[in-house]
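Trainee: I am new to this structure and should like to be guided through it. May we proceed by question and answer?

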Amino acid sequence: MYKLYMLLCLVLISSCKNEESKTVYSNSNGEVVPVEYAKGFEIKQFEGYKLLVVNDPWPKADKSFTYLLVEKGANIPTEVQYDQKVDIPVQKIVVTSTTHIPSIEILNEEQSLVGFPGLDYISSNKVRTRISKGLVTELGQNESINTEILISLDPDLVIGFAIDGNNKTFNTIQKSGIPVIYNGDWTEESPLGKAEWIKFFGAFYDKDELASLKFNEIRDSYLESIELAKDANISPTVLSGSMYKDQWYVPYGNSWQAQFIQDANANYIYKDTKGSGSIALSFESVLDKSKDAAYWVAPGQFQSFQQLLETSSHYKQFKAVHDKKVFTYSNSLGTSGGVLYYELAPTRPDLVLKDLISIFHPELLPDYQPTFFKVLQ
């Protein structure tokens with residue numbers, strides 16, 4: 001009963017912390033923060049405040065969100081309209097995806113993270129040190145975040161993601177007075193588009209210049225790697241994806257995974273396909289089209305050839321399996337078992353690309369030590 005009473009009190013005082021409006025802001029003068037590759041957000045800087053617009057909070061979203069980010073003591077014009085208000089720079093934050101953590105860490109703000117759903121999935125050494133000291137609180141799982149514990153942490157905001165606009169947990173959090181900000185980095189199709197969401201996080205910490213600097217370093221490293229890959233004499237054929245039950249799921253040709261293969265100067269078997277998510281194909285179909293592919297990357301959760309062949313002896317029919325040229329990111333784990341690729345790859349696409357170049361064209365990076373992709377043992 002006490003917890004329910006506290007929750008009701010928080011709802012009643014929510015207007016003090018979380019002002020809301022549903023009207024899109026007026027088009028007034030302001031300095032646009034450059035966004036080169038990402039399609040899902042934009043930032044406009046005004047005197048004492050920013051307007052952050054998230055255009056694609058989830059796939060095929062029929063609305064955008066405008067967030068007002070206010071510096072201390074700023075005077076906000078009365079005509080400015082927004083969905084959520086956040087005081088910046090933020091001091092305490094909750095994020096809901098491991099992909100959010102590298103941006104916070106790159107900005108040297110990992111100490112602001114106070115809660116996360118599923119601590120074991122986090123691989124970052126800096127954040128794991130904070131977890132071991134009890135400085136980051138377990139919030140359950142994304143499907144059932146413990147809202148009572150989250151509210152008791154009193155974060156300045158929660159960075160969430162959603163597959164649609166129906167999220168009862170986020171609604172409960174917002175009613176308590178804590179802003180929930182949608183992050184749509186996962187809807188971006190290009191590797192650099194995903195990475196550029198570091199600028200989204202930079203806005204909340206009032207570190208726009210640092211965020212731009214760090215992104216530019218990642219961008220330059222990625223583009224330099226593309227140029228390096230062009231020096232290769234051959235473009236080997238590549239299969240990607242894995243079996244689940246009786247279906248083989250391969251990335252579409254316009255996906256970010258396929259973009260990596262193309263930028264590494266390799267020939268992805270399904271490069272001409274287009275869509276969102278992955279294509280579900282029969283084993284026979286993939287075998288017929290891909291049995292002679294020189295490489296197989298990202299074969300699911302297999303961590304050894306023994307495990308792969310125990311699942312199905314038919315994998316022996318693939319040239320890449322016969323030649324032991326199967327490469328996985330499933331063996332690159334954090335101390336608690338989290339897969340590093342899922343956490344870091346979206347923010348550091350340059351490292352993913354270098355991994356693949358070292359696989360497809362080892363002569364170009366002879367002494368390279370991979371970050372994610374390693375040969376299946």
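Trainee: Which residues form one aromatic cluster?

Mentor: Please bear in mind that this is a predicted model. The structure holds 33 aromatic pairs. One aromatic cluster is made up of Y222, W256, F260, Y329, Y341, Y342, F372 and F373.

Trainee: Which charged end sits over the ring of W256?

Mentor: W256 is one of the members of that aromatic cluster. The charged end over its ring lies 4.9 Å from the ring centre and belongs to K194.

Trainee: Which residues of the largest nonpolar core touch the most other members?

Mentor: In soluble globular proteins, nonpolar side chains tend to be buried together. The largest nonpolar core here has 108 residues, and those touching the most other members are F200, F204, Y341, F360 and F373.

Trainee: Which helix gives the most to this core, and what does that helix lie across?

Mentor: With seven residues, helix 14 gives the most to the largest nonpolar core. Helix 14 spans residues 349–360 and runs at about 160° to strand 18. The elements it lies across are strand 13, strand 18 and strand 19.

Trainee: What is the order of the strands in the open sheet, and why is one side of strand 16 and of strand 20 left without a neighbour there?

Mentor: The open sheet has five strands with mixed pairing, in the order 16-13-18-19-20. Strand 16 and strand 20 stand at the edges, so each has a single partner strand. Strand 20 runs antiparallel to strand 19, to which two bridges join it. The reason asked for is therefore the position of both strands at the edges.

Trainee: Is W296 buried or exposed?

Mentor: W296 belongs to strand 18. Buried means under 20% relative accessible area. The relative accessibility of W296 is 1%, so W296 counts as buried.

Trainee: How is the aromatic pair of F41 and W197 described?

Mentor: A pair of aromatic rings is described by the distance of the centres and the angle of the planes. For F41 and W197, the centres are 4.7 Å apart and the planes form an angle of 55°, which makes the pair tilted.

Trainee: How many residues apart along the chain are F41 and W197?

Mentor: F41 lies in strand 2, whereas W197 lies in the loop between helix 6 and helix 7. Both F41 and W197 are buried. Their pair links distant parts of the chain, the separation being 156 residues.

Conventions. Residues numbered from 1 in each chain as written. Predicted model: local features only at pLDDT ≥ 70, side-chain atom pairs only at ≥ 80, totals over all residues. Heavy atoms only, no water. Pairing = 2+ DSSP bridges. Helix = DSSP H or I, 4+ residues; strand = E, 2+ residues; numbered from the N terminus. Contact = heavy atoms within 4.5 Å. Axes fitted to C-alpha atoms, helices over the stretch in contact; angles between N-to-C directions. Core = buried A, V, L, I, M, F, W, Y, C linked by side-chain atoms within 4.5 Å. Buried < 20%, exposed > 50% of the residue type's maximum accessible area, 1.4 Å probe, protein only. Phe/Tyr/Trp six-rings, centres within 6.5 Å; stacked < 30°, edge-to-face > 60°. Lys NZ or Arg CZ within 6 Å of the ring centre and 35° of its normal.
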